[in-house]
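Open the model in your viewer and keep the selection tool at hand. The stops below go from one pair of helices to another and end in the core.

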Amino acid sequence: MLVNRNMVRLLCLMICFAGAIESIHVAVYYEALCSDSVYFITRQLYPNYQLFKDHMTVEFIPYGKAIHTFDNTTGKYTFSCQHGKEECKGNKFQACGLAQIANEEERLDFVTCVMSASNPANIFYLENCAKKSTLDFSAMTKCAISSEGDKLLASYGDKTWNLEPNLSYVPTVVFNNSVEINFSDMNKSLVDFKSVMCSKIEQNHPDVCKSRCFMSRIKQFFLNNFEITCYQ
């Protein structure tokens, strides 16, 4: 029996994509001394990462409500951060630390460690978290006090100022490499990141999304007006 080769290829592609696991890009725009940034990273993002790590990639942008200018005469950047010079220092140290880490999970561990500290801009805590992440703290410090750190922070600033509309709340969470802030997604992410992730994944949902459906059905049984969303 003759089989159309194009049909076979199409069938193979359909099977491959049906089994593929999609990856949701999550960009976190935050700043070192912001309590809301601390809450989101330590209470929403980090606890849920293991549940979704096969379905997501995380990008950290440590800048927040800051501004930066470049002096063509001196060839230097000047930064002004929402919570003062200490926050600029903290943002810059994190930027330099992130530049050393290639592995995503190690990046998350480093940022979470720093943001869990009583003062995320304090050198003692930064060094402690760097050692836990096997980072070269001396290289990280050299970066943070040099033009290298300035350039890294300025690049994060450019990315932040490229958002539409301009960033007005920290942290801001943006999905799938968009430059447009979806305030509905963002606001819900800050209190129920798990639910937003489940809604973003279109196929091959992780078990956590399916278990949420089961609990929703139970609630619906007692609350007739309770709307549910189930995932396959």
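Is the crossing of helix 3 and helix 4 right-handed or left-handed? The crossing is right-handed (the near helix is turned clockwise from the far one by less than a right angle; anticlockwise would be left-handed). This is a predicted model, in which local features need pLDDT of at least 70 and side-chain atom pairs pLDDT 80 or more, while totals for chains, interfaces and linings use all residues. Residues are numbered from 1 along each chain as its sequence is written, and side-chain values use heavy atoms, without hydrogens and water.

**Helices 3 and 4.** Select residues 85-100 for helix 3 and 104-115 for helix 4; their axes come within 10 Å and cross at roughly 160°. That makes helix 3 roughly antiparallel to helix 4 (an angle over 145 degrees). Now show Q94, G97 and L98 in helix 3, which meet R107, F110, V111, V114 and M115 in helix 4 (heavy atoms within 4.5 Å).

**Helices 3 and 6.** Add residues 137-144, helix 6, whose axis comes within 9 Å of that of helix 3 and crosses it at roughly 130°. That makes helix 3 oblique to helix 6. Among the residues of helix 3 that meet helix 6 are F93, C96 and Q100; on the helix 6 side, they include F137 and M140.

**M140 and the core.** Select M140: it touches F93, C96, G97, Q100, F110, L126, A130 and L135, leaving aside residues up to four places away in sequence. M140 is also one of the residues with the most contacts inside the largest nonpolar core, which has 59 residues (buried Ala, Val, Leu, Ile, Met, Phe, Trp, Tyr and Cys joined through side-chain atoms within 4.5 Å; buried means under 20% relative accessible area, with a 1.4 Å probe and protein chains only).

Notes:
Buried means under 20% relative accessible area, exposed over 50%, partly exposed in between (1.4 Å probe, protein chains only). Axes are lines fitted to C-alpha atoms, for helices over the stretch in contact, and angles run from 0 to 180 degrees between N-to-C directions. Helices (H or I, at least four residues) and strands (E, at least two) are DSSP runs, numbered from the N terminus. Angles under 35 degrees count as roughly parallel, over 145 as roughly antiparallel, 65 to 115 as roughly perpendicular and the rest as oblique.
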